[in-house]
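Trainee: I am new to this structure and would like a close look at one part of it. Could you pick a place to start and then lead me on from there?

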Amino acid sequence: MADDLEPQGSLSNPPFAEGPLKELKCCSRCVLRLCGERNISLYQNIEMEEDVKDQICVACLGILAKTQESVFVHKIQSTVQNAGHQFENFTFAISVPLPVLLRQHSISLFLQENYSSTFDKKKLDEIPSIKEVFKWVYGPIIEKLFQVNYKPLSPFKISLVFVNKDGGKELEFLEPSKSRTRQKGKRQRVELTSPEGILTRSAVKKALAEITTVHQLKRLAECPPKSLNSPSILSEVMCSHESIFIAGRYNKFSRVLCQTPWIIDNVRHCESSVEEKICNQIRKGILADEHKFASAGREDVDVRMLGNGRPFLVELINPRITRFCESFFTDVQHEINSSTTDISVRDLQQVTKDECLVLKDAETNKTKTYKALIWTEKQVTDEHVQILNDIKDLMISQKTPLRVLHRRPLAVRERCIYHMTVAEQIDSNHFNLLLKTQAGTYIKEFVHGDFGRTKPNLGHLLNSETDILQLDVESVDVDWPPRKEENSDRLGKCT
């Protein structure tokens, strides 16, 4: 049993405190919790015959009823089994009907006013909540069923939604059509709903906090509350696992492949994408609901990504498979690389959420090396070559390029070109230029000037009209994710 589900000792009021609570028609577990009891074993060992009553518990509306245990457990068990998640521990996320909030407040005010010597405000404010008691009771049951521990911060969450069909009318006085506000003093008016007029949990709590006496509450609702005709039902059980993150580096060898799906007005403009070629294979082995793809920058459709590749990250949302042997990533990597000649991946591995921050930081801190095939209107001389080779730490101003203005805000960005080298002069009007630049530099616009939106530009430096014919990214200088052993024969095999 997890530590937080261990018995915590009794803090209960004397036995005579139970009388008023039983008269209110509280179930056995609500009697214990309203008395401040924190001995968990007492809640777990409630006898069935003690809890069988004609009325539904006025406090929990049947959520803690012993008679409901088998129904709730069966629904939780079947949902978890059908969901197919791998998990080593679990936690609960519980949503109770909104009328429960009103009833808890109503009972507290009633007990404070009529039994103040036994139920003072401080004790009632510290009582275990319905959600706490539910976890104390059902946590060990689910632990035993699946042979795992309850853990409050578990990545695997079992979400439970309780509803009560008869309780909704109790909150009608909070609806805008009934009474959007109520008077408080002579000048101040207190909102009883959210600004949109929707009854939310926070809006109900805020409204009830302004009602401090039985007299005030009786003008709006019953105090103490009465039993309803129908118990709350467990309407939804949902299972979800926190995202897992897979990182790697990719190369792109095609000049007709976009990085992410290129869809405009529901029309696809590329048959596939780097993202799809990577993520479709990864998701096959992890069975996630969705994924999110991110990378250290991006290259255009017609730009190749060479060298050691570009770091990328895939977030797998609500994965079913979460345990991986050493060969898993090697096998997935092989599947990706053997399925296409357009891309390849390397260093595929699982990373933590904190480790993903490295990729975020790299967006602005990294440097990149490019090779560009340049055309010039005027002939390039040795003097021009020397001018370019001598340039160091050239600061340029780039107004948002026209080609990306539809998706980027208009701004002027200062960027640095650390150095340039004419690597190969093909003929008098063509040469390959190597550039090392700051992250976020638009290379194409630096070459042709973008109608003067980039200053200075290559045409300005050479005093000639210039254009770029081909562009390759030679390196993205981010040492992430860690380099992995490439020899798959040395890795363990799945069993």
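**Starting from one helix**

Mentor: Let's begin with what covers the buried residues of helix α13: the cover includes strand β7 (residues 244-252), helix α12 (274-286) and strand β12 (343-351). Please keep in mind as we go that this is a predicted model. Helix α13 itself runs over residues 326-339, and its buried residues are Ser327, Phe328, Phe329, Thr330, Val332, Gln333 and Ile336. To read such a list, it helps to know that an α-helix has 3.6 residues a turn, so residues three or four places apart point the same way. Try it on Phe329, Val332, Gln333 and Ile336, which are among the buried residues of α13.

From the helix, let's move on to some strand pairings. Strands of a sheet pair through backbone hydrogen bonds, either parallel or antiparallel. Strand β18 shows both senses here: with β11 (residues 304-317) β18 pairs in the parallel sense over 2 bridges, while with β13 the pairing is antiparallel, over 9 bridges. You can find each pairing through one bridge. Met305 has Val473 of β18 as its bridge partner, and Thr376 is bridged to Thr466, again in β18.

Both β13 (367-376) and β18 (466-476) also lead us to the largest pocket, as each gives two or more residues to its lining. That pocket has a volume of about 1,200 Å³. Its lining counts 39 residues, and those closest to the pocket centre are Arg298, Asp300, Arg407, Arg408 and Tyr442. Among the other elements that give two or more residues are α14 (357-365), β15 (412-427) and α16 (443-448). Strand β10 gives the most, with 3 residues. By type, the lining is made up of 16 nonpolar, 9 polar and 14 charged residues.

Strand β15 deserves a pause at one residue, Cys416, which has its place in that strand. Is Cys416 buried or exposed? Its relative accessible area is 6%, and because the limit for buried is under 20%, Cys416 counts as buried. Leaving aside residues up to four places away in sequence, Cys416 touches Asp393, Leu394, Met395, Thr437, Gln438 and Thr441. If you look towards Thr367, 49 residues apart from Cys416 along the chain, the two C-alpha atoms are 9.7 Å from each other.

Now to another sheet. It is an open one of 4 strands, in the order β2-β1-β3-β6, with mixed pairing. Strands β2 (149-150) and β6 (233-241) stand at its edges; each has a single partner strand, so one side of each lacks a neighbour in the sheet. Strand β1 (89-95) pairs with β2 in the parallel sense over 2 bridges, and one bridge to look for joins Asn89 to Asn149 of β2. Helix α5 (residues 69-83) packs on this sheet, where it touches β1, β3 (156-163) and β6; the directions of α5 and β6 make an angle of about 30°.

Let's finish at the second largest pocket, with a volume of about 650 Å³. Of its 23 lining residues, Leu101, Gln104, His105, Ser108 and Lys205 are the closest to the centre. Helices α6 (98-114), α7 (121-125), α8 (130-146) and α10 (201-209) each supply at least two lining residues. The largest share, 7 residues, comes from α6. Sorted by type, this lining has 11 nonpolar, 6 polar and 6 charged residues.

Definitions and conventions. Residues are numbered from 1 along each chain as its sequence is written. This is a predicted model: local features need pLDDT of at least 70, side-chain atom pairs count only at pLDDT 80 or more; totals for chains, interfaces and linings use all residues. Side-chain values use heavy atoms; hydrogens and water are left out. On a 1 Å grid over the protein atoms alone, a cavity is a set of points where a 1.4 Å probe fits but cannot get out, and a pocket is an open set with protein on both sides within 12 Å along at least five of seven lines; lining residues have an atom within 4 Å of a point. Grid points are joined across faces, edges and corners, and a volume is the space filled by probe spheres set on the points. Ala, Val, Leu, Ile, Met, Phe, Trp, Tyr, Cys and Pro count as nonpolar, Asp, Glu, Lys and Arg as charged, and the others, Gly among them, as polar. Buried means under 20% relative accessible area, exposed over 50%, partly exposed in between (1.4 Å probe, protein chains only). Contact means heavy atoms within 4.5 Å. Two strands pair if DSSP finds at least two bridges between them. Axes are lines fitted to C-alpha atoms, for helices over the stretch in contact, and angles run from 0 to 180 degrees between N-to-C directions.
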